[in-house]
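Work through the exercises below with the structure open beside you. Try each task before you read its solution.

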Amino acid sequence: MAYTLLATVLQQWQQAPEWQQPQQFLRLLEHWPELVGAIVAEHTVPLEVTSEGVLLVAVASSTWAHHLMFSRSPLMGKIQQTLGILLSDICFSHRDWRPHCFTSLNNAPLLKAKALPPVPPAATPQEAFQRWQAQVRRRSQDYPFCPRCQCPTPIQELQRWGICGLCYTRQPRCQSR
């Protein structure tokens, strides 16, 4: 069995249609302050673009949600014109706002990755999987547990949502449209 370089696999994966939506969302996050302005950006955080093309945005208060509802159409046009992302709607909700988390994430310096020690290639796919599994276990052994499913959870997920990312994605989203 011939192995393919990881860089080649990642490049093919990024060009796959199912990977385009996450890439578009990352571009949207990057340009959000320019699209909405500095003041609005301080009180809003895009959460996701659903498969139906609805942009879900957490806002600091119901007042902000009400105010921004009147700006939906111009904002959708600006996003399409600037980034080429076609949205069917924008849903502003106070429900997912976590002020302590978003402000600390925006102002926190990014950590630099350490140089990884060289690791010889795995002889078999099973060995590669076992190495990965052991690394994930080592990394997550000190994680706190999700209060809903009791799985080890990165602290950032608990700070942002109060539960793990998997539990968060399973809960119902914005219903008021």
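The exercises go from the whole chain to single residues.

The model is predicted.

**Exercise 1. The overall layout**

Task: State how many helices and strands the protein has, and give the order in which they follow each other along the sequence.

Solution:
- Count the elements. There are nine helices and three strands.
- Now read along the sequence. The pattern is α-α-α-β-β-α-α-β-α-α-α-α.
- Turn to the surface. The accessible surface is about 12,700 Å², and carbon and sulfur atoms hold 60% of it.
- Then look inside. Of the 177 residues, 28% are buried.
- Finish with the contacts. Take those with a separation of 6 or more: 52% of them link residues 24 or more positions apart.

**Exercise 2. The sheet**

Task: Find the order of the strands in the sheet and its kind of pairing.

Solution:
- Start from a general point. Strands of a sheet pair through backbone hydrogen bonds, either parallel or antiparallel.
- Here, three strands form an open sheet in the order 1-2-3, and the pairing is mixed.
- Strand 1 (44-49) and strand 3 (89-93) are the edge strands, because each pairs on one side only.
- From one strand to the next, the twist averages 25°.
- Take one pair. Strand 1 and strand 2 (residues 54-59) are antiparallel, joined over five bridges.
- Pick out one bridge: Thr 44 has Val 59 in strand 2 as its partner.
- Add a helix. Helix 5 (residues 72-83) lies across strand 2 and strand 3, at about 120° to strand 3.

**Exercise 3. Two cores**

Task: Locate the largest nonpolar core and say which residues have the most contacts inside it.

Solution:
- The largest nonpolar core has 21 residues. Leu 28, Trp 32, Leu 55, Ile 79 and Ile 90 have the most contacts inside it.
- Which elements give two or more residues to this core? They are helix 2 (17-36), helix 3 (38-42), strand 2, helix 4 (62-69), helix 5 and strand 3.
- Helix 2 gives the largest share, five residues.
- Now examine Leu 28. Leave aside its neighbours within four places in sequence. Leu 28 then touches Leu 35, Pro 46, Val 49, Leu 55, Ile 79, Leu 83 and Ile 85.
- A second core is separate and has twelve residues, among them Ala 58, Cys 91, Ile 163 and Tyr 168.

**Exercise 4. Cys 91**

Task: Decide whether Cys 91 is buried or exposed.

Solution:
- Place the residue: Cys 91 sits in strand 3.
- Apply the cut-off. Buried means under 20% relative accessible area.
- Cys 91 has 2% relative accessibility, so this residue counts as buried.
- Check a distance. Cys 91 and Met 69 are 22 residues apart in sequence, yet their C-alpha atoms are 7.9 Å apart in space.

**Exercise 5. The loop between helix 7 and helix 8**

Task: Describe the surroundings of Thr 153 and find what marks out the backbone of Gln 150.

Solution:
- Thr 153 is in the loop between helix 7 and helix 8.
- Thr 153 counts as buried because its relative accessibility is 1%.
- Set aside its neighbours within four places in sequence. Thr 153 is then in contact with Tyr 143, Pro 144, Phe 145, Cys 146, Leu 158 and Cys 164.
- One of these partners deserves a second look. A polar atom of the Thr 153 side chain lies 3.5 Å from the backbone nitrogen of Cys 146.
- Gln 150 is also in the loop between helix 7 (125-140) and helix 8 (155-161).
- Its phi is near 65°, a positive value in a residue other than glycine.

Terms used:
Residues numbered from 1 in each chain as written. Predicted model: local features only at pLDDT ≥ 70, side-chain atom pairs only at ≥ 80, totals over all residues. Heavy atoms only, no water. Helix = DSSP H or I, 4+ residues; strand = E, 2+ residues; numbered from the N terminus. Buried < 20%, exposed > 50% of the residue type's maximum accessible area, 1.4 Å probe, protein only. Contact = heavy atoms within 4.5 Å. Areas by Shrake-Rupley, 256 points an atom, 1.4 Å probe, with all protein chains shown as cover. Polar contact = N/O pair within 3.5 Å; in protein donor to acceptor, adjacent residues only side chain to side chain. Pairing = 2+ DSSP bridges. Axes fitted to C-alpha atoms, helices over the stretch in contact; angles between N-to-C directions. Core = buried A, V, L, I, M, F, W, Y, C linked by side-chain atoms within 4.5 Å.
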